[in-house]
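Student: Could we go through this one together? I'd like to start with the charged side chains and then move on to the helix packing.

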Amino acid sequence: MSPTPDEFAPERSLAEINADIRCLFARAEGRLSDTERIRHAALLQEWATAVRASVVPAA
């Protein structure tokens with residue numbers, strides 16, 4: 001059975017995730033601590049998941 005689109009729907013929009021990434025770098029003035037790097041990696045994973053969910057398969 002194929003998953004429904006809702007099963008892959010991200011909890012947050014790409015814009016929200018992108019805003020968090022930008023804020024992270026702005027607060028860190030471009031230099032991330034180890035903790036911030038972990039947060040950045042998590043945000044990138046969330047962003048990639050949201051991008052995949054937004055792709056519409058070709059007919």
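Student: Is D20 buried, partly exposed or exposed, and what is its relative accessible area?

Tutor: This is a predicted model, and in it D20 has a relative accessible area of 27%, so D20 is classed as partly exposed, since that class begins where buried ends, at 20%.

Student: And which residue does D20 form a salt bridge with at 2.6 Å?

Tutor: That partner is R12, with the closest N and O atoms of the pair 2.6 Å apart; R12 counts as partly exposed as well, at 23% relative accessibility.

Student: Which other side chain meets R12 in a salt bridge, at 2.8 Å?

Tutor: The side chain of E46 does, with an N to O distance of 2.8 Å. E46 belongs to helix α2 while R12 sits in the segment before α1, so this pair ties together parts that are 34 residues apart in sequence. The relative accessibility of E46 is 25%, so E46 counts as partly exposed.

Student: What about R39, which side chain does it meet in a salt bridge?

Tutor: R39 meets D20, and here the N to O distance is 3.9 Å, which falls within the 4 Å limit used for salt bridges. Because D20 lies in helix α1 and R39 in helix α2, the pair ties together parts that are 19 residues apart in sequence. R39 has 41% relative accessibility and counts as partly exposed.

Student: Which residues end up joined in one network by salt bridges that share partners?

Tutor: R12, D20, R39 and E46 are joined that way, through the partners their salt bridges share. The count of salt bridges in the model comes to 4.

Student: Why would side chains like that pair at all?

Tutor: As a general point, side chains of opposite charge can pair when their charged atoms come close.

Student: Switching to packing, at what angle do α1 and α2 pack, and how far apart are their axes?

Tutor: Helix α1, residues 14-28, and helix α2, residues 34-54, pack at an angle of about 160°, and their axes are 9 Å apart. Angles over 145 degrees count as roughly antiparallel, and the two helices are therefore roughly antiparallel to each other.

Student: Left-handed or right-handed crossing?

Tutor: The crossing of α1 and α2 is left-handed.

Student: Which residues of α1 and α2 meet there?

Tutor: From α1 the residues are L14, I17, D20, I21, L24, F25 and A28, and they meet E36, R39, H40, L43, L44, E46, W47, A50, V51 and S54 of α2. Sorted by class, this contact has 11 nonpolar, 2 polar and 4 charged residues.

Student: Is H40 buried or exposed?

Tutor: H40, which lies in helix α2, is buried, with a relative accessible area of 17%. Leaving aside residues up to four places away in sequence, H40 touches I21, L24, F25 and L32.

Student: And L44, where is it and how accessible?

Tutor: L44 is also placed in helix α2, and at 38% relative accessibility L44 counts as partly exposed. The C-alpha atoms of L44 and N18 are separated by 8.9 Å, although the two residues are 26 residues apart along the chain.

Terms used: Residues numbered from 1 in each chain as written. Predicted model: local features only at pLDDT ≥ 70, side-chain atom pairs only at ≥ 80, totals over all residues. Heavy atoms only, no water. Axes fitted to C-alpha atoms, helices over the stretch in contact; angles between N-to-C directions. Helix = DSSP H or I, 4+ residues; strand = E, 2+ residues; numbered from the N terminus. Parallel < 35°, antiparallel > 145°, perpendicular 65-115°, else oblique. Left-handed = near helix turned anticlockwise from the far one by under 90°. Contact = heavy atoms within 4.5 Å. Nonpolar A, V, L, I, M, F, W, Y, C, P; charged D, E, K, R; others polar. Buried < 20%, exposed > 50% of the residue type's maximum accessible area, 1.4 Å probe, protein only.
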